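Open the structure in your viewer and keep the selection tool at hand. This tour goes stop by stop.

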Amino acid sequence: MEIFLIRVLQFILAISLLVLLHEGGHFFFAKLFGVKVEKFYIFFDYKFSLFKFKPKKSDTEYGIGWIPLGGYCKIAGMIDESFDTEQMKKPAQPWEFRTKPAWQRLLIMIGGVLVNFLLALFIYSMILFYWGDTYIPVRDMSHGMKFNQEAKAYGFRDGDILIGTEKRAFKDFSADLYRDISEARRVDIVRDGKPMSIALPGDINLLGMLKSDPAFVRPLLPAQVDSVMPGTPAAHIGMKAGDRIMALNGKPVDSYNEFIDLLGRRADMMATATTSADSMKARTVTLVYGNDNRTDTVTTQLTADLKLGFTVKSIAGLYKPVNIAYGLMESIPAGVKYGMGVLASYVDDLKYVFSAEGAKSLGGFGAIGSLFPPTWDWYMFWKMTAFLSIILAFMNILPIPALDGGHVLFLLYEMITRRKPSEEFMIRAEYVGFGILILLMVVANLNDILRAIGYL
C-alpha cells in the first residue's frame, strides 16, 4: 500500500506541474494579446470544484477541479472542450479570441505545447547539471549478455559482449540498445575475446523484442551466490556466499538468468496446481551447487513464492559505473540533445501503436503511474516528469480536433486560404475530437485493468 501511495503522489505531483505550466503557456499568450481568460483550472471541475477564487479586478477564476484528467484554460470567444456555444452566438468582442489576428491565435494555441517542450529540455539539462550522467558502458560488461532463442537464431550466443551497430556504439543497457539492434544491419560484438560481427535484417520488431519472455537480450549475471538470507531453504541446505549454482532438476545452469528462467517453469506448474500434492511437487527441486573445492547435490523445497533465499551481485555490483559531470553551460546543449533523442525515439515507436500488439500495449493512468519508482527518488521523479512533458507536448500538437494541434491545423488552413472554418464546423469537429480522446482513454485504462487481472 505504501508503494502504491508513493507512486500516486509522484504521478499527481508531476501531472499537476505539467498541466499548470501547459495551461500557463496558453494563459501567457492570451493575456499578452489582450484576450480575456475566464477560467484557469488544474483538473476538471464538472459540476463542482475543490477550490476556486477570483481576485478583485480580474476576469479570471482560478481553481482546482476534482477529476484529475488534465486541466483547462477557458479563453473567451473560443470553441473548446467547454462547448460554450451560447457565448459564440453573441456579438464578437475585441477581447475575444475569435477577433484576434490568426497569427496571435496561433501563438495562443501553441503556447502550452511550447512550454511543455521547453520544460522537458530544461529539466533534462538540470538533471545533467546536478547529477551528471552515470551509466555502465555495455562494452565493459565483461560477462556479456544472455539471449533468448529468437536472438540466438540471428547468430547471437550467450556471453557475447555487445559493442555497437554500423550506425553507432552502444552506450548503456536501455531501450535504446533494443532499438539500435532492431534497426541494425550489423552488430559488432566480442566473442571469446575475438571481435566479430553479426548480420541482421534491419527490421526486427522492436515491440516483440521488448515483450518477449525471456527477454531478447539482458546482461548475463553469474550464478554465484553473493549472500544467503537466514531462515530460508538456501540457509537450511548450507549454501554459502561464493557458491555457484550448477544445475537445477538435472538441467545445467550457466547463469543466474538461466536459473530464474527455470524457476519460472515451476511458477507455471504452481499456477496449474489443483491439489496440495501438485503444489508440493512444483516447490520441490534438486539442486547442484558448490565451489572449486566441493560439489553438493540436494533436494529441497522452495518457499511458497518459489524462492530459494539467496542473492547474486547486481549489474551495479559487478561493474564500475562511469560518471560524466556537466557544468551549467555544458548541461544545456547536452540536455537539449538528450531530450531531442527521447522525442525522436518516441515518435519512431508510434508506428507500433497501429498494430494489434501495439494497441494492447497502450496504457492509461495505471501504466503511467507504475513508471515512477516505488520509493521517493528525485532523480527518477524529474526524469519521468521530463519524459511525460515531452510526450504531452507531442500528443497535444497532433492534428486531432479538441487537441491544440487540431486548432493549429484549422488556423493554418485559415492563414493559407484566408477563409475561416464555420463555427458549426468547428463545434462538430470538437465533438468528434473529444469522442476520439475519450475512446482512447477508455481503451488505455481498460488495458490497465485487463493487465492487472491477468487477461492481457
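**Stop 1: N323**

Select N323, which sits in strand β17, residues 322-324. Keep in mind that this is a predicted model. Is N323 buried, exposed or partly exposed? N323 counts as partly exposed because its relative accessibility is 45%, between the limits of 20% and 50%.

Now show what surrounds N323. Leaving out residues up to four places away in sequence, N323 touches W131, G132, D133 and T134. Pick T134 from that group: its side chain makes a polar contact with the side chain of N323, at 2.5 Å. Then add I136. The C-alpha atoms of I136 and N323 are 8.8 Å apart, although 187 residues separate the two along the chain.

**Stop 2: the largest nonpolar core**

Select F156, L162, I181, V187, L200, F216 and V217. Within the 25 residues of the largest nonpolar core, these touch the most other members. Colour β6 (145-147), α5 (175-183), β8 (186-191) and α6 (206-211): each gives two or more residues to this core.

Zoom in on F156. Beyond its neighbours within four places in sequence, its contacts include F147, L162, V187, I198 and F216. A second core, of 21 residues, lies apart from the one around F156; L221, A234, F259 and F310 are among its members.

**Stop 3: salt bridges on α5**

The structure holds 17 salt bridges. Select D180 and R168, one such pair, with their closest N and O atoms 3.0 Å apart. D180 lies in helix α5 and R168 in the loop between β7 (161-165) and α5, so the pair ties together parts 12 residues apart in sequence. D180 is buried, at 11% relative accessible area, whereas R168 is partly exposed, at 47%.

Stay on α5 and select R179 and D176. Their side chains meet in a salt bridge, 2.7 Å from N to O. The two are 3 residues apart in the helix, so about one helical turn separates them. R179 is buried at 10%; D176 is partly exposed at 37%.

**Stop 4: an open sheet**

Which strands come next? Select β13, β12, β14 and β15, in that order: these 4 strands form an open, antiparallel sheet. The edges are β13 (251-252) and β15 (295-301). Between β12 (244-248) and β14 (284-290) there are 4 bridges. One of the β12–β14 bridges pairs R244 with G290.

Add helix α8 (256-272), which packs on the sheet and touches β12, β13 and β14. Finish with helix α9 (276-283), which packs against β14 and β15, its direction at about 10° to that of β14.

How values were computed
Residues numbered from 1 in each chain as written. Predicted model: local features only at pLDDT ≥ 70, side-chain atom pairs only at ≥ 80, totals over all residues. Heavy atoms only, no water. Core = buried A, V, L, I, M, F, W, Y, C linked by side-chain atoms within 4.5 Å. Buried < 20%, exposed > 50% of the residue type's maximum accessible area, 1.4 Å probe, protein only. Contact = heavy atoms within 4.5 Å. Polar contact = N/O pair within 3.5 Å; in protein donor to acceptor, adjacent residues only side chain to side chain. Pairing = 2+ DSSP bridges. Axes fitted to C-alpha atoms, helices over the stretch in contact; angles between N-to-C directions. Salt bridge = Lys/Arg side-chain N within 4 Å of Asp/Glu carboxyl O.
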